[in-house]
Each structure stands twice: as C-alpha cells, then as structure tokens.
Amino acid sequence: MTTLIERVRKTKPGRALPNAGCVLSACVAVLLATTQATAQLPVVDLSDRPVETLIPPEFEGGFFNRIGAMVIRDDGVWVLDAGQRRVFRFDTGGRLVAAFGRQGNGPGELLGPSALRVDSVVTIPDMRQVRVSRFTLDGEHLETRRLSGPVVPSGGLAVLRNGVTVYATAVRYTMGSGGPGSDPYGHVTVGFAGSSRSDTIASLHGSAVMWQAAGTMSLFRTGFGTAGAWTTMGDSAVVVADGITGTISAFTVSDSPGMETDTPRLSVDSVAMGIVGLPVTNADRERAEADFRGDNPNVQGRVTFAGWPSHWSVATSLLVSDDGRVWAQRAVHGDERQHWTEVDVQGPLRRQGILPERFSLRAIAGGKLYGVARDELDVQRVAILDLP
C-alpha cells in the first residue's frame, strides 16, 4: 500500500490531496473535484440582513481588542481575543462569566494563540511558543505543555488526539529574484508524538506577490486569495480545502490509543465543493499591479514581480459548523462582503452565502452565524446573523 507521505511527494505543489493514501488504514471512498465543471450553486444573499449584537465592544469587566476564534455551546460562548492574549467566557445571554490567560511566557500565559477548542476543558495552542495550554471551563489553569514537531509553526498550530499535532508554515521570500530559501507555498504538516515521522498533507500557494525595485523588496497582497485553507474538526480530524480544485479533504485520527507503534492511524476522505477556482488572467494581474502602484506612489521605475498565484481561490479560510458542515470563504474582487460556500460533506447541500459588510464570520452553531461586527471606526463586537 502506498503511504500518505509517499502520495504527498508525488503530488504537485499547490494541490490538496484528492486521492491521498492512508497510514495503516483502509481508504474510504473519494469523490474527486478535479474533473468537475464549475457549478452554479444557489446563492443566499444575507448582505441586507440585520445583525444582532450579542456582546458589545465594552462589557462588564473588559473590552475587545482583536477577536479571533469563537466557540458556541449550549452552556456559553468562548471568545479568544488574540490582541489581549485572553479568553473570555460568556453565558448565552452575553454576560461575562470568566476571563483567563494573559500575555507572557509563564504557565498559562500566551504569546501567539492560534486556535480555541472547548470540550471538557479549554485548549489553546500557542504558535509562537510551540506549546499548548489547558484550562477548566471556568478558566482555572490546568497545564502548559511544550510540543515537539518537524517545523516551526508560522502559519498555525493545532493539537489532536493520540499525540497528533498539526503544524503549518507560512509563505517565505528572500531577496534576489526569489532568492535562496524563498518558498511561495505554505505547508500543512502532521506530526506524531513519540515518532520521528511526519506527513505533509497540503502545500498551498500564498496570496501575496514579491516585488523588487532598485534594491527594495517587499510583498503585496493580490486579493486572489491563498490557494487553500485548513482547520480542525474537534480533536479528531484536520480538514483541508484546495482553493483551486474545490476539494475538501478530512484527515481523521483514529480514536484508539494508537501510540504503541511508530505509525498512528490516519485516514482520508474527500468531497467536492461544487465550484473550482478560476485562472488568474493577464487582466487580473494588470489590475493588481495598478492597485500596487496606487498604494505605493513613491516607488519609481521598473518593478519586477515574482510568485503570482495561478487561480482565484474558492477556499481562503475554513470553518466547521456544530453539525459538521464545512464553510469555505472565497476570494471575490472588489467586494468588501464575505462570500462563503457551505458544504454538507454527508449530503447534497451546497450553496453560497453573501454576508453583510463589516461582518466577519467566526462560528456557526444552532442555525445561526456568529461573528465580528465592526462599526465605522472598526470597533469590534460579537454579533449574530440568522441563517435561513
């Protein structure tokens, strides 16, 4: 049997793994998106719907700085504030119950919180310190544990069951026409505790382009979107979406202990989103270069660009709803509203949704959309939007 890592080595960079193998596990059926034409999915336009404020910008005992992840449950709402490196727990009516975590490198302190999981405990991976902290549901610190892995996680960090850790790197450029060490791809890697083996499950082209002019080098965002995204489904699976082919792949960790050997179980299943990324045209590049010139009026003379994305991405970020549906945000030129594709991985439902301006989706639960609403001064609050 071909192993997962062998499949990865044969996979063209920038693609997810629509037909990846399994590690010590039989493969489940795979539905490929690569041969599917772009479908006309039904569109649900929510852009004119009112949003309801659940938690205002300033609440009893605190305020929001930069809202990151949210977890919505029947017993409360947990909000990770990445700016303050804190977690706030509210009851279902929006009243503050507990606040915990703070900036620092001591036990229970955070520098780069990259995710939030709430089950019997609250788990917060810290990307900058490559460690994970756990708290009770009311915020009492339980443990802080350093992780060992194959890469430095500059693009995200998550912890699953059986000692499986997900590390992601970000795009990296160096001087000199791409220079030695430049890599326009972000890589998502699965590491196994107690094992020297690791598997790269996706390599996703970034959205930024490197530019150089008269010895000056920097990056600018094209708006075409990163060519894929990843997230976790509880502590049991990594979900990866290929923003070019429109394929969603779930890499599932076995629920058995699985650590007696060097090869924990990992299986993969894939489904089609129903849409694919459109190729980036010369006109698209010219428009992006014009935007670059408008944002950088002091840059004179010849400018060279390297690392253009090949497609408009249909999956720049991912969320999983409480009923297991996958939501993928897609890149749309010139529209400040967020566009998402909802996919029921167990059924036929596939539709696109357009959200109101100044509303950024963070969680889907109980048939409602929870997110960050911003006023004209970009002040943040937690808001709810009903999903038809």
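1. Let me start with a loop. Valine 130 sits in the loop between strand 10 (122-126) and strand 11 (131-135). Bear in mind that this is a predicted model. What is the phi of valine 130? The value is positive, about 50°, although valine 130 is not a glycine. The residue also counts as buried, because its relative accessibility is 19% and the cut-off for buried is under 20%.

2. A second residue deserves a look for its backbone. Arginine 358 has a phi near 65°, again a positive value in a residue other than glycine. You'll find arginine 358 in the loop between strand 27 (350-354) and strand 28 (359-365). At 41% relative accessibility, arginine 358 counts as partly exposed.

3. Now the overall picture. The protein chain holds two helices and 30 strands. Of its 388 residues, 51% are buried. If you take contacts between residues at least 6 apart in sequence, 49% of them join residues at least 24 apart.

4. Proline 57 gives a concrete case of parts distant in sequence coming together. Its place is the loop between strand 2 (52-55) and strand 3 (58-59). Which residue, 316 residues away along the chain, has its C-alpha 9.6 Å from that of proline 57? That is alanine 373. Leaving out residues up to four places away in sequence, proline 57 touches Phe63, Phe64, Val379, Gln380 and Arg381. With a relative accessible area of 27%, proline 57 is partly exposed.

5. On to charges: the whole structure has 15 salt bridges. One of them links arginine 134 to glutamate 143, with 3.0 Å between the closest N and O atoms. Are these two partners buried or exposed? Arginine 134 counts as buried at 15% relative accessibility, while glutamate 143 is partly exposed at 33%.

6. Glutamate 342 is worth some time on the screen. One salt bridge runs from glutamate 342 to arginine 325, where the closest N and O atoms are 3.1 Å apart. Glutamate 342 belongs to strand 26 (residues 339-343), whereas arginine 325 is in the loop between strand 24 (317-320) and strand 25 (326-330), so this pair ties together parts 17 residues apart in sequence. Glutamate 342 is buried, with a relative accessible area of 3%; arginine 325, at 23% relative accessibility, counts as partly exposed.

7. Glutamate 342 has another partner as well. Its side chain meets that of arginine 351 in a salt bridge of 2.6 Å, N to O. Here both glutamate 342 and arginine 351 are buried. How far does this set of charges extend, and which residues belong to the network? Through shared partners, salt bridges join Asp323, Arg325, Glu342, Asp344 and Arg351 into one network.

8. Helix 2 (residues 282-295) comes next. Its 14 residues reach 20 Å from first C-alpha to last, close to the 20 Å expected at 1.5 Å a residue. The buried residues of helix 2 are Asp284, Ala288 and Phe292. Viewed down the axis of helix 2, these buried residues fall within an arc of 80°, so they line one face. The general background is that an α-helix has 3.6 residues a turn, so residues three or four places apart point the same way.

9. What does the buried side of helix 2 pack against? Its buried residues pack against strand 17 (208-213), strand 18 (216-221) and strand 23 (304-306). The face of helix 2 turned away from that side carries the exposed residues Asn282, Glu286 and Gly294.

10. Last, a sheet. Four strands form an open sheet in the order 13-14-15-16, with antiparallel pairing. Strand 13 (156-159) and strand 16 (198-205) are the edge strands, each pairing on one side only. On average, neighbouring strands of this sheet are turned by 15° against each other, direction ignored. Inside the sheet, strand 14 (residues 164-168) pairs with strand 15 (residues 185-192) over five bridges, in the antiparallel sense. If you want a spot to check the register, threonine 165 stands opposite glycine 191 in strand 15.

Note on methods:
Residues are numbered from 1 along each chain as its sequence is written. This is a predicted model: local features need pLDDT of at least 70, side-chain atom pairs count only at pLDDT 80 or more; totals for chains, interfaces and linings use all residues. Side-chain values use heavy atoms; hydrogens and water are left out. A salt bridge is a side-chain nitrogen of Lys or Arg within 4 Å of a carboxyl oxygen of Asp or Glu. Buried means under 20% relative accessible area, exposed over 50%, partly exposed in between (1.4 Å probe, protein chains only). The expected span of a helix is 1.5 Å times one less than its number of residues. The arc is that of the directions from the helix axis to the C-beta atoms. Contact means heavy atoms within 4.5 Å. Two strands pair if DSSP finds at least two bridges between them. Axes are lines fitted to C-alpha atoms, for helices over the stretch in contact, and angles run from 0 to 180 degrees between N-to-C directions.
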